[in-house]
Amino acid sequence: MSKVVERKPLTFLEKTYLPQIIGGLKITLKNFFRPKVTLQYPEERPPIPVGYRGVPTLVRDPNGREKCVSCQLCEFVCPPKAIRITPGEIPEAETERAHVEKGPEDFEINMLRCIYCGMCEEVCPEEAIFLQDIYSVVGTSREEFVNHKDKLYELGGTLPDQHYKWDKKKTAEERAAAGGHH
Amino acid sequence: MDWIDILLKVVYAVLVVVVTMTIAGYSVMAERKIASWIQGRIGPNRARIPGIADIPVLGKMLVQLGIFQLPADGLKFLFKEEPVPAHVKKVYYNIAPCLSLVPALVVLVVLPFGVYYVDGQAQPLVLANLDIGILFILAISSLGVYGIVLGAWAGNNKYSFFGGVRSSAQMISYELAMGMAILPVFMWANGPTGSLGDLTLFNVVEAQKDLWLVFWMPLPAFIYLTALFAETNRLPFDMPETETELVGGFHTEYGGFKFGLYFTGEYAHMVIGSAIFTLLFFGGWQFLPTFGVLPDWVANPWASWGWIGAVISVIFFIVKMYSLMVFFIWIRWTLPRFRYDQVMTIGWKYLVPMALACIIFYAIFIAAWDTFWTIENIPAVIDQAAP
């Protein structure tokens, strides 16, 4: 069952297109007076959805300590090779973190290379690297686009997390040393 | 002519050119603003000149309106790097943008833009009240296409070349319809009811005291308007620079101030085109048509106000002209672009025959009108014509 729609021949007035043009002018005139929908960008910011993949940053744990242990997995997995980590020892002075194996001496992410794929975040065993909601990256030189460790921690801040791998290891070690069993 | 007169004329000429160029420049701003309003955007609202923009309320309003966008654009055009591609023909490449702007400005000479009264006799405010006014305009304004074609040729690449060729074909087609659409107007203005029997635009305006010609000759007005759209390369007829097909059309190779010249030339062309349309069909500087019923002062209520009246007449003329510019822009954001064969079809198969039909119809009508009505009623009008 197909319904045949009869196509009427155009009337003379319709063939001149003038009524259609006038109709179009009316529509644009109506739009002319409608409220504007533009976002005034630098003053107004768009809402960022949860899970947005913005600039990759390093975060600290709730105790304010570096989480990164410079395992270099992110550097290895990064498709455009934007991440470079210089591994380093945990300084003697930081007794708080003495039980952690390593820490990065420097951690750089080149934002000119980064493709915001989020694989570093996926692969990080320490949940130390996060893609957060920063989306406007500006700078006037190539150097400014390379985020070093300080900058990354400044951008990242602290995220609430439940991942206390080294604390657990420490308590376990202390228990073992005290003669307990685990 | 005294040297004082010559000096005055030069001053007037400079004034007229400056005003026209400013209007042309601000039409770019108007275009951007109106385009954005139609599309639900706000448009340019950031450029500010410190001194003026700091005035409490007014300054902020002007910034929001984008009034200062023109100086910003101008400065940008001036200080931008101007590359000259290696493959262009240097001499023609440099001459072409000027060539497209000059004819548009030369046409200004014969445009009457207002009226003043000496001993009750209406005099046009015009640089040169030539007897051949409209012929001069048609002759000079069609030269504008040389700038485009030359630029396209000098650009030395196929896209610009296509733009230039299209442009010339389109100009020729629509020039014809345009010229023919004007004929009924001049037949009417120069019948026994009209006075002097020449082709100045001033006469046409004077002949429209009773009835603006757009009411009396809607079809020629429509044809003229359509041809004007095509002549000024406005959408839906912007074949010479169709971005979708030709990258940038004839000005693909141009940048910086040379492109700016092309741009201003185009807008100056629009300004002058709408000025001519206002003069021919919208009663020029006249306030309202009398329709033969209302008292005579309705057409020119400020006739007896001396120079103030003259200024008001100019302002009123500019208002009419600018509303037509707004219409140009409004159409641009309403209609999609024609295909090239459609442009040619409309030009040759519809507009030209329609214009011819108009000429024949109005010729017969005006002849009959003159024979059976005017001559009988005002038999002495021919004698008055001789000064």
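## Close-up views of the predicted model

**View 1. Trp153(B) is in contact with Lys89(B) and Phe161(B), once its neighbours within four places in sequence are left aside.** Contact here stands for heavy atoms within 4.5 Å. This is a predicted model, in which local features need pLDDT of at least 70, side-chain atom pairs count only at pLDDT 80 or more, and totals for chains, interfaces and linings use all residues. To help you find your way, residues are numbered from 1 along each chain as its sequence is written, chains are lettered from A and ligands numbered from 1 in the order in which they are written, and side-chain values use heavy atoms, with hydrogens and water left out. Trp153(B) sits in helix α7 (residues 144–155) of chain B; helices (H or I, at least four residues) and strands (E, at least two) are DSSP runs, numbered from the N terminus. With 46% relative accessibility, Trp153(B) counts as partly exposed. The scale is this: buried is under 20% relative accessible area, exposed is over 50%, and partly exposed is in between (1.4 Å probe, protein chains only). Between the C-alpha atoms of Trp153(B) and Asn190(B), 37 residues apart along the chain, there are 42 Å.

**View 2. Helix α1 (residues 3–38) and helix α4 (residues 69–79), both of chain B, have axes that come within 9 Å and cross at roughly 105°.** α1(B) is therefore roughly perpendicular to α4(B). Axes are lines fitted to C-alpha atoms, for helices over the stretch in contact, and angles run from 0 to 180 degrees between N-to-C directions; under 35 degrees is roughly parallel, over 145 roughly antiparallel, 65 to 115 roughly perpendicular and the rest oblique. On the α1(B) side look for Thr22(B), Gly25(B), Tyr26(B), Met29(B) and Arg32(B), which meet Gln69(B), Leu70(B), Pro71(B) and Asp73(B) of α4(B).

**View 3. Aromatic pairs number 27 over all chains when the whole structure is searched.** In one of them, Phe32(A) and Trp37(B) meet edge-to-face, 5.6 Å centre to centre with 80° between the planes. This pair crosses between chains, from helix α2 (residues 18–33) of chain A, home of Phe32(A), to helix α1 of chain B, home of Trp37(B). Phe32(A) is partly exposed at 21% relative accessibility, and Trp37(B) is partly exposed at 24%. Trp216(B) and Tyr362(B) are edge-to-face because their ring centres are 5.3 Å apart and their planes stand at 90°. That pair links distant parts of the chain, 146 residues apart: Trp216(B) in helix α10 (residues 213–216) and Tyr362(B) in helix α15 (residues 340–377) of chain B. Both Trp216(B) and Tyr362(B) are buried. For pairing, rings of Phe, Tyr and Trp (its six-membered ring) need centres within 6.5 Å; planes under 30 degrees apart are stacked, over 60 edge-to-face and the rest tilted.

**View 4. Thr290(B) lies in the loop between α13 (256–281) and α14 (307–332) of chain B.** Thr290(B) is buried, its relative accessible area being 1%. Residues up to four places away in sequence aside, Thr290(B) touches Lys209(B), Asp210(B), Pro295(B), Asp296(B), Val298(B) and Ala299(B). Lys209(B) is 81 residues from Thr290(B) in sequence, yet 6.5 Å in space, C-alpha to C-alpha.

**View 5. Ser141(B) belongs to helix α6 (residues 133–141) of chain B.** With a relative accessible area of 13%, Ser141(B) is buried. Apart from its neighbours within four places in sequence, Ser141(B) is in contact with Val107(B) and His269(B).
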